Amino acid sequence: MNNKMYDLGNNRSIIRELFEFSKLQKEKLGSDNVFDFSIGNPSVPPHKKVTEILTSLLTNGDPCYIHGYTSAPGDIEVRENIAKDLNQRFKTSYNYNNIYMTCGAAASLCIVFKALTEDSSNEIIAIAPYFTEYKVFVETQGAKFKVVPANLDTFDINFVELEKMITCNTKGIIINSPNNPSGVIYNAESIKKLSMILKAKEAEYNHPIYIICDEPYREIAYDGIIVPHIPNYYNNTILCYSYSKSLSLPGERIGYVLVPNSATDHEIIYKACLGAGRGLGYVCAPSLFQYLIKEAVGLTSNISLYKENRDLIYTGLTTLGYECIYPDGAFYLFFKSPSGDSYEFMERAKKHNVIVVPSDPFGVKGYLRLAYCVKKDTIINSLPAFAKIIKEYE
Ligand code: PLP
């Protein structure tokens, strides 16, 4: 038996733990009386065309075709349409050979980490605060996981610490923007600065250092803020995408890895991704949802509803005296525990049936992550509870 796997199965992530706790509380108290901000499950339904396309596929499609295996990297026409859409939006020249269909961002990331690293002498670096599962994904593929401490002033990349952390063993840096959990978007200036540092380090160590950009929230950006397309700034970029959040399809497990031609050894990396997908058992991304994406490429769910939630919760909590990081994207709000202790706040909030996630597993102490991808009423009705909680600190 593999003890590490046992530990992973036996100790659920804190997010899943709180999600399960909140389900039990809802059964006891009624769902309107529990304010569950634990998990990033989209609350906005998929675009109505998603249902129309699926219905048409199921009604008119050949069942053996729509439910059958596609080729290992995914259906060619699906990949072609994704490439065309990216080319239109980002002025790139991708084709289907750059794209490998996967079972969502989690699979994409595991595949890329497996493809790029051989053993624990190879390092993958994340920038705090980071999505908690990165550590699990990197370490399960056998590589070493390292974390750049957060820039607590802006929650932008901490360039000084990043530069110190890169060694001759560094294979890749994970960049997640819009960021889970902070909601921050790294702007073009930051990406340029990051590229300069990485290029200098590549020259110093004489090998490529890849940016692995994890972009499930790419389309969830507010107020016209642009999310830079990182391959346009740094050649050695591999992109992991998912339709879980932008199209509200997290349960359907569909996404892709993009390996641009500009990346050093791109053909070798693409093949290693195929090998990693094969070795990890991700033989074929769900066919029905590949065919959906072929027609739904470029669509998103109604992002403006998340913006309304963002405005409501940010204004609501700051008015009550909470210190919040202003989220430009994704659907998370990061706020400071008034006591400086995130677990203490989490326990106190639970007593008021408010469920928020402590920041420590995201690599930053003393904050809470609130997932505001919930019904508007949940936010409105939770504010009196947040008011009572902060009063207890007076
Ligand atoms: N990366 C980030 C930053 C996430 O927030 C999530 C899910 O919440 C994932 C990856 C995994 O996404 P998927 O459902 O596509 O596997």
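**Exercise 1. The ligand site.** How far does a polar side-chain atom of Asp214 lie from a nitrogen atom of the ligand?

*Solution.* Before we start, note that this is a predicted model, in which local features need pLDDT of at least 70, side-chain atom pairs count only at pLDDT 80 or more, and totals for chains, interfaces and linings use all residues. Residues are numbered from 1 along each chain as its sequence is written, and side-chain values use heavy atoms, with hydrogens and water left out.

Step 1: the distance from the Asp214 side chain to the ligand nitrogen is 2.6 Å. A polar contact here is a pair of N or O atoms within 3.5 Å.

Step 2: look at the ligand oxygens. One oxygen atom is 2.9 Å from an N or O atom in the side chain of Ser244, and a polar side-chain atom of Lys245 lies 2.9 Å from an oxygen atom of the ligand. Of the 400 Å² that the ligand exposes when taken alone, the protein buries 92% (Shrake-Rupley method, 1.4 Å probe).

Step 3: widen the view. The ligand is surrounded by 14 residues, and Asn180, Asp214, Tyr217, Ser242 and Arg253 are the closest (a heavy atom within 4 Å counts as near).

**Exercise 2. Unusual backbone.** Find which peptide bonds from Ser177 and Asn180 are cis, then turn to the phi of Arg253.

*Solution.* Step 1: Ser177 to Pro178 is a cis bond, with omega near -5°. Asn180 to Pro181 is cis as well, with omega near 25°.

Step 2: place the prolines. Pro178 sits in the loop between strand S5 (170–176) and helix H9 (188–205), and Pro181 is also in the loop between S5 and H9. Helices (H or I, at least four residues) and strands (E, at least two) are DSSP runs, numbered from the N terminus.

Step 3: Arg253, in the loop between strand S7 (237–242) and strand S8 (255–258), has a positive phi of about 60° although it is not a glycine. Most residues other than glycine have a negative phi, and most peptide bonds are trans.

**Exercise 3. A helix pair.** Describe how helix H5 (residues 76–90) packs against helix H11 (residues 287–296).

*Solution.* Step 1: the two axes come within 8 Å and cross at roughly 35°. Axes are lines fitted to C-alpha atoms over the stretch in contact, with angles from 0 to 180 degrees between N-to-C directions.

Step 2: H5 and H11 cross in a left-handed way, meaning the near helix is turned anticlockwise from the far one by less than a right angle.

Step 3: from H5, Glu77, Val78, Asn81 and Ile82 touch Gln290, Tyr291, Ile293 and Lys294 of H11 (contact: heavy atoms within 4.5 Å).

How values were computed: Polar contact = N/O pair within 3.5 Å; in protein donor to acceptor, adjacent residues only side chain to side chain.
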